[in-house]
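These are my notes on the aromatic side chains, for someone opening the entry without earlier acquaintance. Please read them with the structure on screen.

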Amino acid sequence: MGLISCGGSEADNPPVKPHDKSFAAAKACHSGNQGQLGSDNLIAHAGGLYQGSTYTNSLEAMNHSYLLGFRLIGIDLLRTFDRNFFGAHDWTGWRKRTNYDGIEQTSTTKEFLQQPAKGGITPVYYAMIEQWLENHPDAVLVADKTRNYKFLSDNTLDHDRLLV
């Protein structure tokens, strides 16, 4: 994919690699400069910006980013105690978004699905992400925060549409 920049001069918007820790340039593009650089060259990290919130890893963020033209949809994946994956940047953030009061690392898929998220967002789990990809055939999942390649390989229908 190479280096990307957010339009304008390189002095104003230095190039960033899609996997750089710094999300500032991609976020700047996401918030208003889509016309200057094709959104298909950028990763909508953690689903993308949705209603002014970052790191929601939500269905609504994925849909919003897709409508803006993003085709690389990054989702942070955390593993449940029963070895499933769901979209969350970190356990602390997930607790705050859902008011979960249990022990984080022992959360099961069932507990995850029973936690309503604040702000009317829909948290995503891996099977839901796969279904979303099936309905958006030109989108690619950029899986973040996991190194469980066996799970991803075993549970991904189209390996050409997965970046880790």
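1. A residue is called buried when its relative accessible area is under 20%, and exposed when that value is over 50%. By this cut-off Phe-86, at 0% relative accessibility, counts as buried. Please keep in mind that the model is predicted.

2. How many aromatic pairs does a search of the whole structure find? The search finds eight. A pair of aromatic rings is described by the distance of the centres and the angle of the planes.

3. One of the eight pairs joins Phe-85 and Phe-151; this pair is tilted, with 4.6 Å from centre to centre and 50° between the planes. Phe-85 belongs to strand 3 (residues 85-87) and Phe-151 to helix 6 (residues 149-155), so the contact ties together parts that lie 66 residues apart in sequence. Are these two rings buried or exposed? Phe-85 is buried, at 3% relative accessibility, and Phe-151 is buried too, with a relative accessible area of 13%.

4. Phe-86 pairs with Trp-94, again in a tilted arrangement: the centres are 5.2 Å apart and the planes form an angle of 55°. Trp-94 has a relative accessible area of 4% and is therefore buried, as is Phe-86 at 0%.

5. Which residues form one aromatic cluster? They are Phe-86, Trp-91, Trp-94 and Phe-112. The tilted pair of Phe-86 and Trp-94 is thus part of this cluster.

6. A further point concerns a charge and a ring. The charged end of Arg-71 sits over the ring of Tyr-66, at 3.6 Å from the ring centre.

Note on methods: Residues are numbered from 1 along each chain as its sequence is written. This is a predicted model: local features need pLDDT of at least 70, side-chain atom pairs count only at pLDDT 80 or more; totals for chains, interfaces and linings use all residues. Side-chain values use heavy atoms; hydrogens and water are left out. Rings of Phe, Tyr and Trp (its six-membered ring) pair if their centres lie within 6.5 Å; planes under 30 degrees apart count as stacked, over 60 as edge-to-face and the rest as tilted. Helices (H or I, at least four residues) and strands (E, at least two) are DSSP runs, numbered from the N terminus. Buried means under 20% relative accessible area, exposed over 50%, partly exposed in between (1.4 Å probe, protein chains only). A charge sits over a ring if NZ of Lys or CZ of Arg is within 6 Å of the ring centre and within 35 degrees of the ring normal.
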